[in-house]
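Here is a colleague's note for someone opening this structure for the first time. Please keep the sequence and the view side by side while going through the points below.

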Amino acid sequence: MGTASRNRIMVLLLAAVTAAASAANLVPPLILKKLIDYNFNLKRPDGLLYMGFMYILVIVLTGVLNFLKEALLTILGQKITKDVRLDMMEKLEKVRASYFSANETGQIVSRLTNDVDAVSSMFTSGIAGMTADIFKIAGVIFSMFYFSSSLGVISLIILPLIYAATRFFQKRMLSSQVENRKQIGEVNSHISESFRNVLMIKSFSKEHYMEKKYASVLEKNYQTLEKVNFYDSIFSPVIRMMRAVVIAIIAMLSAGETGFFGISLGTAAASIDLIASLFTPVENLGMELQSIQKSISGVKRINEFFAEEEDLKEELEKELTLNNIHIHFDNVSFAYEKGSEVLKNISMEINHGEKVTFVGRTGVGKSTLFKLIAGLLKPVEGKITINGTDVFTIPNHNKRKIFGYVEQNFHMVKGTVADQVSLGDRDITMAQVKNAVEMVGLGDYVENLENGYDTVVSGEGMFSQGQKQLLSIARAIVANPPILLLDEITANLDSVTEDKVVSVLEKAGGNRTVLTISHRLSSMVSADKVAILERGKLKNYGKPEELLKSDEWYRSRIKLEKLIWSK
């Protein structure tokens with residue numbers, strides 16, 4: 001509707017051309033009637049050439065009008081596709097991070113590609129085409145009544161039969177189309193997963209396993225598509241057979257001087273032509289119904305996407321003060337799936353400038369807790385506040401000024417070396433980028449590149465794993481945030497590079513509040529406090545020296561790591 005309102009002239013022109021094309025389709029049978037009755041039956045050759053010329057002219061005019069109609073439909077369809085995709089991309093930037101955890105990449109991509117194409121198809125090949133065909137059907141029935149009331153009644157009897165056949169196939173098409181739409185998403189998701197994990201697949205020689213899995217997904221998609229194709233292929237022959245039977249009956253009943261209907265030979269010929277043109281739009285209705293049924297599932301999925309909750313609907317009423325940071329966890333619980341809690345009743349306080357390390361077994365919920373602190377996920381119970389403000393209500397565009405997030409893996413972006421640090425943020429100056437890079441010790445390396453900070457990053461080989469991790473730290477501190485979140489950043493590094501990164505972090509920490517996740521306690525950033533998580537709960541929280549005395553797990557873990565390093 002938005003696209004239509006922005007293109008009113010084109011929509012009005014389309015409506016006019018559609019009406020004109022529908023009217024023009026009714027003229028050839030009328031000319032044919034006059035040709036046969038006046039020129040052939042009465043044997044009057046005068047005007048025969050003129051009538052023949054008019055017949056050809058109307059056929060050509062009908063073709064031109066139909067061409068214009070299809071051209072306008074295509075243009076409007078492309079505009080709809082563009083507008084819907086732009087709206088969806090705008091929505092995608094606002095939806096909660098939990099949406100990306102609950103939905104696979106392939107499913108999301110399928111909504112922005114296949115489902116949007118289906119919406120465009122619903123307009124061009126569905127609703128608009130169906131409207132034009134309904135006009136044609138109405139015109140044919142009116143003309144049949146004009147020729148003979150008996151023929152008009154027959155045409156009215158035929159329509160419910162055609163509708164019943166159409167409805168029979170329509171019900172079965174819808175369920176098949178919805179299932180097929182889901183299976184297409186599964187196929188896309190598997191392809192995306194394979195590309196994303198191709199190195200792992202090759203490393204573990206799992207090519208055959210992935211091929212079998214893909215074949216299974218493809219087979220399911222094939223089976224649903226077979227159902228769709230079956231109903232689609234059988235519908236057209238049924239309609240054609242019905243048309244042939246009706247034309248044969250009309251032809252037989254019109255035989256003789258006047259025939260059963262009491263109409264002339266010219267009228268009978270024109271009626272047969274009209275019957276043929278009646279079945280053509282009804283046959284098209286089957287394809288248009290299929291297009292609409294196919295599109296409805298796509299529309300439902302798009303509507304579900306637009307109904308997804310957004311991160312923030314309103315701006316904060318007051319500016320968050322960042323001078324004296326105080327983080328408060330108030331009975332925080334979180335679950336990705338209902339009834340399966342990852343974190344339970346976490347309550348703790350973190351004061352300004354404190355260095356806190358979160359430790360615990362793999363899968364205990366440490367990374368999830370960091371996403372909650374950054375406001376990327378929302379607790380199912382309780383809340384996390386910074387200076388009294390719920391972190392989940394902080395607008396995304398403000399979060400970079402508050403949080404510096406360093407992940408385990410550094411994700412490159414398209415652009416220059418400077419873009420890797422600034423991420424295209426216009427509020428970050430080149431001076432800030434250089435200061436951040438200098439602080440992590442990569443200044444000389446970057447300056448010696450071909451174009452320095454303006455060097456385009458063309459591949460993975462430009463920076464080593466350790467240098468990427470340093471760039472990740474530079475990206476986190478460039479906006480000078482008061483809080484640093486460090487998620488297992490030394491997990492993939494050798495001991496020499498690890499020591500360098502840890503020393504850089506010690507330097508970058510300064511008077512910032514630094515929260516760290518670490519599996520190796522011996523390599524963690526110097527911590528004022530340690531938070532031990534166990535089975536989703538906060539088992540212990542305090543100074544390292546206190547925990548060495550009071551917590552058996554922490555004490556044994558330290559001893560075990562010292563034993564390993566001594567060997």
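1. Which side chain meets that of Glu70 in a salt bridge? The partner is Lys69, and the N to O distance of the pair is 4.0 Å. Please bear in mind, here and in every later point, that this is a predicted model. The two residues of the pair fall into separate classes of exposure, since Glu70 has a relative accessible area of 42% and is therefore partly exposed, while Lys69, with a relative accessible area of 10%, is buried.

2. The salt bridges deserve a wider look, and a search of the whole structure finds seven of them. One of these joins the side chains of Arg6 and Asp83, at 2.7 Å from N to O. Because Arg6 lies in helix α1 and Asp83 in helix α4, this pair ties together parts that are 77 residues apart in sequence. Arg6 counts as exposed because its relative accessibility is 55%, whereas Asp83 has a relative accessible area of 13%, which lies under the 20% limit, so Asp83 is buried.

3. Helix α4 takes part in a further bridge, that of Arg85 with Asp117, in which the closest N and O atoms are 3.0 Å apart. Since Arg85 belongs to helix α4 and Asp117 to helix α6, the pair ties together parts that are 32 residues apart in sequence. With 30% relative accessibility, Arg85 counts as partly exposed, and Asp117, with a relative accessible area of 40%, is also partly exposed. As general background, side chains of opposite charge can pair when their charged atoms come close.

4. What kind of patch do Ile56, Val60, Val64, Phe67 and Leu68 form on the surface? The patch is nonpolar, and its residues together have about 470 Å² of accessible area. Ile56, one of its members, is found in helix α4, which runs over residues 48–92. The relative accessibility of Ile56 is 54%, and because the limit for an exposed residue is over 50%, Ile56 counts as exposed.

5. The next points turn to the pockets. In general terms, rolling a probe the size of a water molecule over the atoms shows where empty space is left. The largest pocket has a volume of about 870 Å³, and its lining is made up of 25 residues, of which Ala374, Leu376, Tyr405, Glu407 and Leu423 lie nearest its centre. Two or more residues of this lining come from each of α5 (97–102), α12 (396–399), β6 (403–406) and α16 (465–477). By class, the lining of the largest pocket holds 12 nonpolar, five polar and eight charged residues.

6. Which element gives the most to the lining of the second largest pocket? That element is α6, with eight residues. At least two residues of the lining are supplied by each of α1 (2–6), α2 (8–24), α4, α6 (105–147) and α10 (265–306). The second largest pocket contains about 720 Å³ of space, and it is lined by 28 residues, of which Met1, Thr3, Ala4, Ile80 and Phe123 lie nearest its centre. The residues of this lining divide into 18 nonpolar, six polar and four charged.

7. Helix α10 also holds Ala268, a residue that is buried because its relative accessible area is 5%. Ala268 and Leu253 are 15 residues apart along the chain, and their C-alpha atoms are separated by 9.5 Å.

8. Helix α11, which covers residues 366–373, is mostly covered, as six of its eight residues are buried. The buried residues of α11 are Lys366, Thr368, Leu369, Phe370, Leu372 and Ile373. After the helix comes Gly375, whose phi is positive, near 75 degrees.

9. Is Val356 buried or exposed? Val356 counts as buried because its relative accessibility is 0%. This residue is found in strand β3, residues 355–359. Val356 and Ala527 are 171 residues apart in sequence, yet from C-alpha to C-alpha they are 5.4 Å apart in space.

Methods
Residues are numbered from 1 along each chain as its sequence is written. This is a predicted model: local features need pLDDT of at least 70, side-chain atom pairs count only at pLDDT 80 or more; totals for chains, interfaces and linings use all residues. Side-chain values use heavy atoms; hydrogens and water are left out. Patches are made of residues with over 30% relative accessible area and no salt bridge: like charges are joined within 9 Å, nonpolar side chains (Val, Leu, Ile, Met, Phe, Trp, Tyr) within 5 Å. Accessible areas come from the Shrake-Rupley method with a 1.4 Å probe; for residues, only the protein chains shown count as cover. Helices (H or I, at least four residues) and strands (E, at least two) are DSSP runs, numbered from the N terminus. Buried means under 20% relative accessible area, exposed over 50%, partly exposed in between (1.4 Å probe, protein chains only). On a 1 Å grid over the protein atoms alone, a cavity is a set of points where a 1.4 Å probe fits but cannot get out, and a pocket is an open set with protein on both sides within 12 Å along at least five of seven lines; lining residues have an atom within 4 Å of a point. Grid points are joined across faces, edges and corners, and a volume is the space filled by probe spheres set on the points. Ala, Val, Leu, Ile, Met, Phe, Trp, Tyr, Cys and Pro count as nonpolar, Asp, Glu, Lys and Arg as charged, and the others, Gly among them, as polar.
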